[in-house]
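Please consider the structure below, first as a whole and then through a small set of its residues. The account moves from overall dimensions to the nonpolar cores and ends with the loops.

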Amino acid sequence: MLPLTETLIRASFINATRSERGNVLLPADLDRIPWDRLDFLGWRDRKLTRVGYVVTELDGALVGLIMRESDTRARSRPQCVWCNDVELPNDVVMFSTKRAGDAGRRGDTVGTLVCANFECSRNVRRLPPLAYVGFDRDAARDRRIETLRENVRGFARAIRDGV
Ligand SMILES: [Zn+2]
């Protein structure tokens, strides 16, 4: 994704009150983020440890989401619904995300099982195993990257549009 500034990130949140938006703790060093290897920006709040943030491009605009880790226990073998990683290199947790607008103010949330620290972009860039002789691992990796982008955009759209 293209590099983002603090101003762009703060302005992007669609499911936050004005004070929640002001309280967002941004990543420590935006200049050191490997933007060209990210499909979306995701990070945990350094103080509010159960809170995470996701910023993605959607329909030509930036959409930022505040996500809260819920107490719901994940299944015994959870799988991230965004990167679909089956090798579990990291924890996967349930996040509850408030919908934008009136629905969110009424308490309407969406639950989703995602990599605990939003490691998805890194996970999909690992070269997949050779499934069979002649298997095109690079093409498979490209498909995983595109699927991840579609999954995150689909989630952001659901939060934004309430569908
Ligand atoms: Zn993931």
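In this predicted model, the radius of gyration of the protein is 16 Å, which agrees with the value near 15 Å expected for a compact globule of 163 residues. The C-alpha trace spans about 55 × 35 × 30 Å along its principal axes. Of the 163 residues, 43% count as buried. The accessible surface amounts to about 9300 Å², and carbon and sulfur atoms contribute 49% of that area. As for charge, the protein carries 28 positive and 23 negative side chains, and the centres of these two sets are 3 Å apart.

The secondary structure consists of 5 helices and 5 strands. Read from the N terminus, these elements follow the order α-α-β-β-β-β-α-β-α-α. Among contacts with a sequence separation of 6 or more, 59% are made by residues 24 or more positions apart.

The interior can be described through its nonpolar cores. The largest of them has 26 residues, and those with the most contacts inside it are Phe40, Met67, Cys80, Trp82, Phe118, Cys120 and Leu148. Two or more residues of this core come from each of β2, β3 (61–69), β4 (92–98), β5 (109–115), α4 (120–125) and α5 (137–161). The greatest contribution is that of α5, which supplies 6 residues. Another core, of 16 residues, lies apart from this one and includes Ala16, Leu30, Val51 and Val55.

Phe40 illustrates how the surroundings of one core residue are assembled. Beyond the residues up to four places away in sequence, Phe40 touches Met1, Val54, Val55, Thr56, Trp82, Phe118, Cys120, Ser121, Leu148 and Val152. Trp82, Phe118, Cys120 and Leu148 are, like Phe40, among the residues with the most contacts inside the largest core.

Thr56, one of the residues touched by Phe40, belongs to strand β2 (residues 51–58). Its relative accessibility is 3%, and Thr56 therefore counts as buried, the cut-off being under 20%. With residues up to four places away again left out, Thr56 touches Asp39, Phe40, Ala61, Leu62, Val63, Val152, Arg153 and Ala156.

Phe118, another residue touched by Phe40, is located in the loop between β5 and α4. Phe118 is buried, its relative accessible area being 7%. Its backbone merits attention, for phi is positive, at about 55°, although the residue is not a glycine. Most residues other than glycine have a negative phi. Asp59 also has a positive phi, near 50°, and is likewise not a glycine. This residue is found in the loop between β2 and β3. Asp59 has a relative accessible area of 51% and so is exposed.

Two further loop positions complete the description. Is Ser70, in the loop between β3 and β4, buried or exposed? Ser70 counts as buried because its relative accessibility is 18%, which falls within the cut-off of under 20%. Outside its neighbours within four places in sequence, Ser70 is in contact with Arg50, Met94, Phe95 and Ser96. Thr49 is placed in the loop between β1 (41–44) and β2. A relative accessible area of 53% makes Thr49 exposed. Thr49 and Glu69 are separated by 20 residues in sequence, and their C-alpha atoms are 8.8 Å apart in space.

Definitions and conventions: Residues numbered from 1 in each chain as written. Predicted model: local features only at pLDDT ≥ 70, side-chain atom pairs only at ≥ 80, totals over all residues. Heavy atoms only, no water. Helix = DSSP H or I, 4+ residues; strand = E, 2+ residues; numbered from the N terminus. Rg over C-alpha atoms; globule rule 2.2 N^0.38 Å. Buried < 20%, exposed > 50% of the residue type's maximum accessible area, 1.4 Å probe, protein only. Contact = heavy atoms within 4.5 Å. Areas by Shrake-Rupley, 256 points an atom, 1.4 Å probe, with all protein chains shown as cover. Lys, Arg positive; Asp, Glu negative; His and termini not counted. Charge placed at Lys NZ, Arg CZ, Asp CG, Glu CD. Core = buried A, V, L, I, M, F, W, Y, C linked by side-chain atoms within 4.5 Å.
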